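This report looks at a few backbone features and where they sit along the chains. Please have the sequence and the structure open while reading.

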2 protein chains.
Amino acid sequence: MPVTISGGKLRRITRLAGENGRFRMMAADQRGSMQKAIASATGKEATYEQVAEMKTLITRTLSSNSTAVLTDPIFGYPYSIMDIPRDVGLLLAFEESGYVDDGVGENERASVQIVNWDIEKAIRSGIDAIKLLIYYHPDASLNACNHQQNFTKYVGEQCEKFDLPFLLEFVCYSLDGESTNSLEFAKQKPDLVIRSVEEFTKPEYKVDILKVEFPANLKFTEEYKDWDFYAGESAYTLSEVEEFCQDLDAKSTLPWVILSAGVDIEEFIENVKISSANGASGFLCGRAIWKDAVPLYPDKDAVTKFLLGEATVNFENSNAAVSNATPWFNHKRFGGLKNIELDKKGENWYEIY
Amino acid sequence: MPVTISGGKLRRITRLAGENGRFRMMAADQRGSMQKAIASATGKEATYEQVAEMKTLITRTLSSNSTAVLTDPIFGYPYSIMDIPRDVGLLLAFEESGYVDDGVGENERASVQIVNWDIEKAIRSGIDAIKLLIYYHPDASLNACNHQQNFTKYVGEQCEKFDLPFLLEFVCYSLDGESTNSLEFAKQKPDLVIRSVEEFTKPEYKVDILKVEFPANLKFTEEYKDWDFYAGESAYTLSEVEEFCQDLDAKSTLPWVILSAGVDIEEFIENVKISSANGASGFLCGRAIWKDAVPLYPDKDAVTKFLLGEATVNFENSNAAVSNATPWFNHKRFGGLKNIELDKKGENWYEIY
């Protein structure tokens, strides 16, 4: 049975991935976390210009290592667009940075769109996909879950209207407000991530690509006890972690990529290797690659030197780690390039499109 | 003084040209001429499927030599879209093939849009530019000129609305219905082409890139008298031809590329070399490169062999001929990459875009 997709979505997804169908995408859409990191480097509140400048430096020096760059329409696009090479795809964030806690329960999180920004502007600006980040906990209140689900559906519908691919990222959080870097949370994480995958791969969300957290925490994985990032106690073994990835892949009806959540590069590369060997189609990663450049700001020469040196090596190593990843068109959603057909075709395509 | 351009147009123009800013674009949007060529190869009227198949073979085998591919939304897009590599730009034709002669004077030509096709569908389909071909003679009746000018303005406005680059092609014709390959027409051609350039580079047309005929006919150029294509008599010398190109370039306020109008490859490569040395930014060419494949249809193996062999060599030679071309961003319209700014920028870009 051929799988169908619109011409616009197909053309744009092709631009996000490499020729081999694997995603090696860079995120530079951080806003709140970037402002904080710059403030901590300079000792003063970060200005708009400083955030835009830091993003421009990252985009200019690192984009050519990637198959696509994710930036934001506030600090990113207006200053970085000229630094994204012609053969590198472009994604723009749709959500306001962070989350709001009005109208949801204690410790719960609701995502909202950037005010005065919409999908029509996004498609005009020449991008290849919309990225939406939502914070999601499957056991949050019905109210909180509904809000995030409805927002996601709205964005999915808008993207479908313009044939813009929809990349959905979800990040889980702790409902008791505790750290997500605890043994307790590490134990919950596989279940939280996989249940979220089950929810947002439902067809009503009209998502095209999932950007997911690694469904475990290698800081609490037995086989990593000699690594710098090991937390001192174990929640699972490596073979259990591989099973979590396989379970995620079995439940995902869509191609999925891994995010870095700002972990150190050594841990991220392990995440990429394990997920790539178990069904992922690559990564969309920012901080793990470039975060150590920010403390050098505002010394632009030092920032650039770091980005061209250590960060570029980080990127190359991350790229090497996707060699086993599943090309998006070979994911079971598509079943191979030969199995893909346009949803509309034939001699009246231009009339019915 | 910085020159401004919208982010959407900038991003998409970047994808049409090579990294060096030179256009090496392939046309495969022929419809009427392709139907005739196939009919003449098979001895029967060409079916929709045959035209679509021939275009798919051309696009599949040759696209990777180009910086962008121009196809049409009837026979081209629905069958060829999967064969255009991720790093090759995409243009779609807006006009109905050929021309109509209703409502204009004898021998005059009016262009019309493809019915039930529009710019909104075009942008959704993921393209990087609209191409409009109009037949134009600056001495045609006011009625005929107005029709073509108004149609061009309409398309320019629509493209601006969606930040889609607008590539305008104009082809001149003989008002007395005689052949355009005569000595007489060869003498008129520089004037016809250059006056059309003066008209359509006016800002009200909102054109971004001009696709122009070579402003002379090398078949009637003294220095080519030993070449196979020489017509036996001369209208000008090579240095006069170079001056026509320089005059065109001086009068064009926009980057311009050369079309092939189906001349043989030897003549086309001379056209490209001379125009590239005198201000052109490259070519958008179809038949000169691949036309000899069509008589081999329906023998698909023979067609493919020709396209991968001789046509590929034609493309490589054409590509080599643009080495002196002016990068689009160095055209006087822009004055260099460093001189280009977004028309809207700053911290409220996402609100005002």
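A:N116 is exposed, because 12 other C-beta atoms lie within 10 Å and a residue counts as exposed at 12 or fewer. The backbone of A:N116 has a phi near 65°, a positive value in a residue other than glycine. A:N116 belongs to the loop between β4 (89-93) and α5 (119-124) of chain A.

The model is predicted. Chain A has an average pLDDT of 97, and 100% of its residues score at least 70. For the complex, the predictor gives an ipTM of 0.95 and a pTM of 0.97.

Chain B offers another positive phi: B:K206 is not a glycine, yet its phi is about 55°. Is B:K206 buried or exposed, or in between? B:K206 counts as partly exposed, because it has 17 C-beta neighbours inside 10 Å, and partly exposed covers the range between 12 or fewer and 20 or more. B:K206 is placed in the loop between α7 (183-200) and β7 (209-212) of chain B.

The next topic is cis peptide bonds, listed in the table.

| Chain | Cis peptide bond | Omega |
|---|---|---|
| A | A:Y297 to A:P298 | near 10° |
| B | B:Y297 to B:P298 | about 10° |

Where does A:P298 lie in chain A? A:P298 lies in the loop between α10 (287-290) and α11 (300-320) of that chain. In chain B, B:P298 is found in the loop between α10 (287-290) and α11 (300-320).

Technical notes: Residues are numbered from 1 along each chain as its sequence is written. Chains are lettered from A and ligands numbered from 1 in the order in which they are written. This is a predicted model: local features need pLDDT of at least 70, side-chain atom pairs count only at pLDDT 80 or more; totals for chains, interfaces and linings use all residues. pLDDT is the predictor's confidence in each residue, from 0 to 100. Helices (H or I, at least four residues) and strands (E, at least two) are DSSP runs, numbered from the N terminus.
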